[in-house]
Amino acid sequence: MSVALRRLQSRPSAANEALEVPLSSEEREAMVGAASVKLEELLDILRIDHRNDPNTRGTPQRVAKMFVNELLRGRTVSPPPLTDFENRLVYQGMIVTGPIDVRSTCAHHLMPIRGEAFIGVLPSAEGKVLGLSKYDRVVDHFAARLQTQEELVQQIGDYLWQNTAPRGLAVRISAAHMCRTQRGVRAGCGRMVTSAYFGAFAEDAGLKQEFMRECASLEMAPR
Ligand SMILES: Nc1nc2c(ncn2[C@@H]2O[C@H](COP(=O)(O)OP(=O)(O)OP(=O)(O)O)[C@@H](O)[C@H]2O)c(=O)[nH]1
């Protein structure tokens with residue numbers, strides 16, 4: 001067994017937690033290779049002739065790459081750096097951004113979660129203003145794990161709260177879960193909304209309401 005593979009096997013963690021240390025490219029390749037072998041076994045057990053069927057030839061390798069490099073990327077790379085700017089004019093009004101696409105994978109059935117996030121920020125006078133695209137990058141980073149929607153919204157909030165120190169922070173996610181629509185109860189529609197509030201937003205119902213109003217108007221804005 002290669003050194004990279006041995007190192008990988010020594011540090012498992014919860015499905016929506018980052019590995020202790022981001023993967024090196026050698027470890028990433030070893031993970032893809034090992035996962036491909038297991039996926040070949042899975043297709044064999046399902047009696048799918050992936051060696052001869054042109055449609056599924058290469059599927060184990062493709063799916064392994066997809067899991068490691070795309071769906072679970074947020075466990076194996078560092079969170080995005082947060083470029084910020086001085087709040088020179090001391091803007092202290094509410095900033096609300098969204099809808100931000102949420103593409104995640106459910107921890108229970110490995111099915112897609114698809115929805116939108118909204119983020120509200122009350123910058124502090126002495127703090128910095130975060131580059132707008134960084135909110136999208138942070139959502140994307142934490143969504144690229146096996147998630148529950150409750151923990152996803154909290155992880156995004158915790159990271160922004162700890163790293164940008166605003167006066168207040170609100171995160172809201174509205175999403176549909178394919179584990180509920182494509183299988184199981186096969187619910188026709190229906191979404192779930194989760195939210196996390198920090199600082200001034202947690203203490204002031206009026207601020208929460210203003211945030212919700214802004215989310216509603218952004219939801220209706222032309223895309
Ligand atoms: N609270 C919460 N539940 C979720 C989320 N994603 C999936 N679930 C639910 O997790 C549950 C897993 O339940 P189980 O009874 O173990 O699985 P199951 O037998 O396949 O259940 P069904 O989906 O009802 O067929 C299901 O009710 C899912 O709808 C999430 O983000 N948050």
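Here a biologist and a modeller talk through a predicted model.

Biologist: What makes Cys106 and His108 residues around the ligand?

Modeller: A residue counts when its C-beta atom lies within 6 Å of the molecule. Cys106 and His108 belong to that shell, along with Thr148, Gln149, Glu150, His177, Cys179, Arg180, Gly184 and Val185. Helix H6 (149-164) and helix H7 (178-181) each give two or more residues to it.

Biologist: How do you know how many of the shell residues are nonpolar, polar or charged?

Modeller: Cys and Val count as nonpolar, Glu and Arg as charged, and Gly as polar. The shell then divides into three nonpolar, five polar and two charged residues.

Biologist: Why is the largest nonpolar core called a core?

Modeller: Its members are buried residues joined through C-beta atoms within 7 Å, so the name follows from that rule. There are 38 residues in this one, and Val102, Ala117 and Leu169 are among those that touch the most other members. Strand S3 (residues 112-122) gives the most, with six residues.

Biologist: Why do you place this core between domain 1 (3-76) and domain 2 (84-220)?

Modeller: Both domains give residues to the core, so it lies between them.

Biologist: How do you know which residues of the two domains are in contact, and how many?

Modeller: The test is C-beta atoms within 7 Å. By that test, seven residues of domain 1 are in contact with 11 residues of domain 2. Helix H4 (residues 73-76) brings three residues, the largest share of the domain 1 side.

Methods. Residues are numbered from 1 along each chain as its sequence is written. This is a predicted model: local features need pLDDT of at least 70, side-chain atom pairs count only at pLDDT 80 or more; totals for chains, interfaces and linings use all residues. Helices (H or I, at least four residues) and strands (E, at least two) are DSSP runs, numbered from the N terminus. A residue is buried if 20 or more other C-beta atoms lie within 10 Å of its own, exposed if 12 or fewer, and partly exposed in between; C-beta atoms are placed from the backbone. Domain bounds come from an automatic or database domain assignment.
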